[in-house]
Structures are given as C-alpha cells and as structure tokens.
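Work through the following exercises with the sequence and the model side by side. Each task is followed by a solution that proceeds step by step.

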Amino acid sequence: MEPLQQHVPRSVEDVFSDFQGRRQGLINALTSDVRKFYDLCDPEKENLCLYGLPDASWDVNLPVEEVPPELPEPVLGINFARDGMQERDWLSLVAVHSDSWLLGVAFFFGARFNFGKNERKKLFQLINDLPTVFEILKASFKQSKDHSGTPHNSSSKKSSAKSRLSESQTKGAKASTPKDEEESGEEEEEGDDEQGVTLCGACGENNPNDEFWICCDVCEVWFHGKCVKITPAKAEHIKQYKCPGCSSKRARV
C-alpha cells in the first residue's frame, strides 16, 4: 500500500481539514459507493482495511508493511465478517471502527506536533461538531428504509420456495437442502424420527424442507441461507463458505 498522506498537517486547522477529507471518503464508501465497497471486501482475500484518504477518496487494501506504520492503521480483517452478518450490522461495525480510526489519526498528528491543551481542545470541538460516520450511516439506513427497504433488495429472499429448492439442488454438498441427507438416513433407520433432523446453527430450528441451506466448510454445521445472509445465487460464487463463528476466529488470528 502506498503512503496515505500527501502532506503533513501541522496546525489545528490542517489536522481538521485532513480529518474532514478522510471522514468524507469513509462516508462515501459506506453510503454512495456501498456496492463497490461491499464487492471489494471479499472474505476469500487476506486481511483488508478500509482507508479514508485526505482527498475525500477511499481505498480497501492490505495493511501497510512498515513496522511501526507511518500512521495508525484502521481495523484489520473487515472482509472476514462480511458474509457472516446482516449487511447493515456489518456496515455499522465498520463505521464505528472507522470513527475510532479517524480520531486516532487526528490526535496522532496532535501528539506528533506537540499540540497543547488548548489546541487539543479546539481540535476535539471542531471534530465533535460534525456527525460521526456511524451517525451518517444510520441516517442513510432510515432514508433507504423509507424508499426501498434494506441495502440488499429483498426480492431474492422472497423468491418462491420451488425456485429456491431447484437452485439449491445444483449446489451439491456445499449448499443444498440437508433434508437429502436426512432422508437417506431415514431409509437406513426407519422409525427413528429424531435422527437425521438437521438444525440451523444460527437459529436452532429446522423449518420446511424447501428452505435453502448452506454448510460451513470448516465446522461442517448447516445454516439457513436467510440466517447467514447467503442466497442461492451468492452461494454459486463462494468457493469455501465459512460461517460467522469460523470467520470471526480467522479474523482474530
């Protein structure tokens, strides 16, 4: 990753201007550019970070290799949890971490250039007068709800049970209706209704047979697609699915 800063802010006004640019870049990534941002955060890639840049642009990239880094680094591994959470929850988590990073960068400059008590107070007041990235994101959620609902169009979730079943059958062992395994078990052990019942690792329920399911390739637990935000169409492009629990473990490594 190339160095993020194009100039070194030295005054309170410079640092605040740098803060505003980076903040706007992060807001753009999580609102107007959210589809592009979502696609870039591929869980199959290495640990990725979201950078806000001073010119109000943004970048999703690997962390810098320098140790220690030139600037405080954003939270690492935002891509790992993308498919294991509701999209709005995931975006909100990224927004909260982004707000923390923005403050860290601003006061890093303050410490580096020996800001005194009054300068730090002035910088904080300027920053505090602006809504946070998280607050901007929440407002955008409310607006989108008034118009079209969730960021992911729910039409794919409301497709007929018949089409979900036909698509799930093309997935093979990785993404299918676990009832197939259940039925084969029932042929071997007829009369035992308890064995072969597959429960969702997220909600703990079984639900109708035509529900779309997906199996974690790490822990081999089955999940309802709707519980982990995976549709049959999205499953087509997943080489190795990791459930929310396994994704979180990988992100902490």
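**Exercise 1.** Is Glu 44 buried, partly exposed or exposed? Find its salt-bridge partner and place both residues in the chain.

*Solution.* Before starting, note that this is a predicted model, in which local features need pLDDT of at least 70 and side-chain atom pairs count only at pLDDT 80 or more, while totals for chains, interfaces and linings use all residues. Residues are numbered from 1 along each chain as its sequence is written, and side-chain values use heavy atoms, with hydrogens and water left out.

Step 1: the relative accessible area of Glu 44 is 36%, which makes this residue partly exposed, given that buried means under 20%, exposed over 50%, and partly exposed in between (1.4 Å probe, protein chains only).

Step 2: the side chain of Glu 44 forms a salt bridge with that of Lys 242, at 4.0 Å from N to O; the term requires a side-chain nitrogen of Lys or Arg within 4 Å of a carboxyl oxygen of Asp or Glu.

Step 3: this pair links distant parts of the chain, 198 residues apart, since Glu 44 lies in the loop between H2 and strand S1 (49–52), and Lys 242 in the loop between helix H8 (232–235) and helix H9 (244–252). Helices (H or I, at least four residues) and strands (E, at least two) are DSSP runs, numbered from the N terminus.

Step 4: Lys 242, at 15% relative accessibility, counts as buried.

**Exercise 2.** How many salt bridges does the rule give? Examine the pairs that involve Arg 22 and Arg 35.

*Solution.* Step 1: the count is five salt bridges.

Step 2: Arg 22 and Asp 18 pair through their side chains at 2.6 Å, N to O. The two residues are four apart in helix H1 (residues 12–30), and therefore about one helical turn separates them. Arg 22 is buried at 1% relative accessibility, and Asp 18 is buried with a relative accessible area of 3%.

Step 3: Arg 35 and Glu 87 form a salt bridge at 3.4 Å, N to O. Because Arg 35 sits in helix H2 (residues 34–40) and Glu 87 in helix H3 (residues 87–112), this pair ties together parts that are 52 residues apart in sequence. Arg 35 is partly exposed at 33% relative accessibility, whereas Glu 87 is buried at 3%.

**Exercise 3.** At what angle do H3 and helix H4 pack, and how far apart are their axes?

*Solution.* Step 1: H3 and H4 (residues 117–128) pack at about 155°, with 11 Å between their axes; the axes are lines fitted to C-alpha atoms, for helices over the stretch in contact, and the angles run from 0 to 180 degrees between N-to-C directions.

Step 2: the two helices are therefore roughly antiparallel, as angles over 145 degrees count as such, those under 35 as roughly parallel, 65 to 115 as roughly perpendicular and the rest as oblique.

Step 3: from H3, the residues Leu 103, Ala 106 and Phe 107 meet Arg 120, Leu 123, Phe 124 and Ile 127 of H4, where a contact means heavy atoms within 4.5 Å.

**Exercise 4.** Which residues are joined by a cis peptide bond, and where do Ala 56 and Glu 220, each with a positive phi, lie?

*Solution.* Step 1: most residues other than glycine have a negative phi, and most peptide bonds are trans.

Step 2: Val 67 and Pro 68 are joined by a cis peptide bond, with omega about -5°, and Pro 68 belongs to the loop between strand S2 (58–61) and H3.

Step 3: Ala 56 has a phi of about 75°, lies in the loop between S1 and S2 and is partly exposed at 26% relative accessibility.

Step 4: Glu 220 has a phi of about 60°, lies in the loop between strand S3 (213–215) and strand S4 (222–224) and is exposed at 60% relative accessibility.

**Exercise 5.** What is the mean pLDDT of the protein chain?

*Solution.* Step 1: the mean is 79, and 73% of the residues reach 70 or more; pLDDT is the predictor's confidence in each residue, from 0 to 100.

Step 2: pLDDT is below 50 over residues 1–6, a stretch with 17 contacts in the model beyond near neighbours in sequence. Over residues 149–173 the pLDDT is also below 50, and this stretch has 35 such contacts.

Step 3: where pLDDT is low, the predicted coordinates should not be read in detail.
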